[in-house]
2 protein chains.
Amino acid sequence: MAKDMQEITDENLRQFAGYNMKRAFLMVRDDLGRTLQEFGLRMTSFSALAIIIENPDVSQSRLAEALHIERSGVVVLVDELESADLIARNRVEGDRRQYALRATPEGEAVWTRAEAAVHAHEERIFAGLGAGERQRLADLLRRVGRG
Amino acid sequence: MAKDMQEITDENLRQFAGYNMKRAFLMVRDDLGRTLQEFGLRMTSFSALAIIIENPDVSQSRLAEALHIERSGVVVLVDELESADLIARNRVEGDRRQYALRATPEGEAVWTRAEAAVHAHEERIFAGLGAGERQRLADLLRRVGRG
DNA sequence: TATTGTTATACTCTATAACTATA
DNA sequence: TATAGTTATAGAGTATAACAATA
């Protein structure tokens, strides 16, 4: 008995950019998740590490804003990175409420290797798109939600 | 005291298409979620309803494949749509294991209204992009993951 | 034996709210 | 009073695994 007598179609949904975006994002997320596992990172901790390296001594609250998540979520994230000795919580003189987050040498090294792995992941997942198309995709995505 | 003495940057991350995709997707997801609430639908139940209308008498297993989720997840989804009288589980003659899913007249009516609302939502969220750019974005997204 | 639908359970990600210590 | 960080809790969304009925 033919298993696929009738192919299921999704024309109703393919007309929506949001549908195509979700499908594409889930593929990226899965492959990226596997890619980062090797470094003990998740998508969000990879992002956090990137922000901390780029903005030394950033506070947890500012990091939360940059990542668009709540401060309570950052605590767990920073705990995770600190436990792995990838970043350190340093005290700020003049304000004992906040921490200055900074990547350790190992954190910088891991970031460098993870960055390369993520580039390889993007080569894989966007193999169907040329360099110009990838750039155009990134540009279009960056303009979403800014009427 | 200037709250934003130093702006947090994310150049390390903006180079990655996946980062831009996540950011864009989360904005779409949030606005779409609010849009669908009015119809008692979630992103996934909206998609399920669309597939069922387009493919009358589809089984739950085939629906699971189309939505790229597990069969167990479809049970909850179909329960939800059936409770709202938007679809019906009909018995299949010749195979008493499976159901033939079909939208009710009300399901079709709700879909039509929801579809219009989702179009309005996309007009809103993609306001910064012209029609041609939206089409290009959709095309590019559909080609992700297909080396 | 394989497939369909089902249930129970667990995991990931994130938000909310209440708290503390500082300012 | 306001802010930074923390904790506990809860809610989506989805996966895994075991199961009954049917093929």
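Helices, here runs of at least four residues, and strands, runs of at least two, are read from DSSP and numbered from the N terminus. Counted in this way, chain A of this predicted model has seven helices and two strands. Following the sequence from its start, one meets these elements in the order α-α-α-α-α-β-β-α-α. The radius of gyration of chain A is 19 Å, well over the 15 Å that the globule rule gives for 147 residues, so the chain is more spread out than a compact globule. Along its principal axes, the C-alpha atoms of chain A fill a box of roughly 70 × 35 × 35 Å, and buried residues account for 34% of the 147 residues. If one takes the contacts in chain A between residues at least 6 apart in sequence, 46% of them join residues at least 24 apart.

The next step is to set chain A beside chain B. Two copies of a chain are related by a rotation about an axis and a shift along it. Here a turn of 180° and a shift of 0.0 Å along the axis lay chain A on chain B with an RMSD of 0.1 Å, which is the relation of a two-fold axis. The residue of chain A that comes closest to this axis is A:Leu137, whose C-alpha lies at 3.2 Å. Because 100% of the interface residues of chain A are also interface residues in chain B, the copies meet through the same surface.

A single residue, A:Ile125, can be followed in detail. A:Ile125 lies in helix α6 of chain A, which covers residues 105-125, and it counts as buried because it has 22 C-beta neighbours inside 10 Å, where 20 or more are needed. Apart from neighbours within four places in sequence, A:Ile125 is in contact with A:Met27, A:Val28 and A:Asp31, and also with B:Val144 and B:Gly145 of the other chain.

In chain B, the strands β1 (residues 87-91) and β2 run antiparallel and are joined by five bridges, with B:Arg91 having B:Tyr99 as its bridge partner in β2(B). B:Tyr99 belongs to the covered face of β2(B), together with B:Leu101 and B:Ala103, whereas B:Ala100 and B:Arg102 form the uncovered face.

Finally, DNA strand D is surrounded by 21 residues, and the closest include A:Gln60, A:Ser72 and B:Arg96. Helices α4 and α5 of chain A, with α3 and α5 of chain B, each supply at least two residues of this surface, and the largest share, four residues, comes from α5(A). By class, the surface has six nonpolar, eight polar and seven charged residues.

Key
Residues are numbered from 1 along each chain as its sequence is written. Chains are lettered from A and ligands numbered from 1 in the order in which they are written. This is a predicted model: local features need pLDDT of at least 70, side-chain atom pairs count only at pLDDT 80 or more; totals for chains, interfaces and linings use all residues. Copies are superposed by least squares on the C-alpha atoms of residues with pLDDT of at least 70 in both. Two residues are in contact if their C-beta atoms, placed from the backbone, lie within 7 Å. A residue is near a molecule or strand if its C-beta atom, placed from the backbone, lies within 6 Å of it. Ala, Val, Leu, Ile, Met, Phe, Trp, Tyr, Cys and Pro count as nonpolar, Asp, Glu, Lys and Arg as charged, and the others, Gly among them, as polar. A residue is buried if 20 or more other C-beta atoms lie within 10 Å of its own, exposed if 12 or fewer, and partly exposed in between; C-beta atoms are placed from the backbone. Two strands pair if DSSP finds at least two bridges between them. The radius of gyration is taken over C-alpha atoms; the globule rule is 2.2 Å times the number of residues to the power 0.38.
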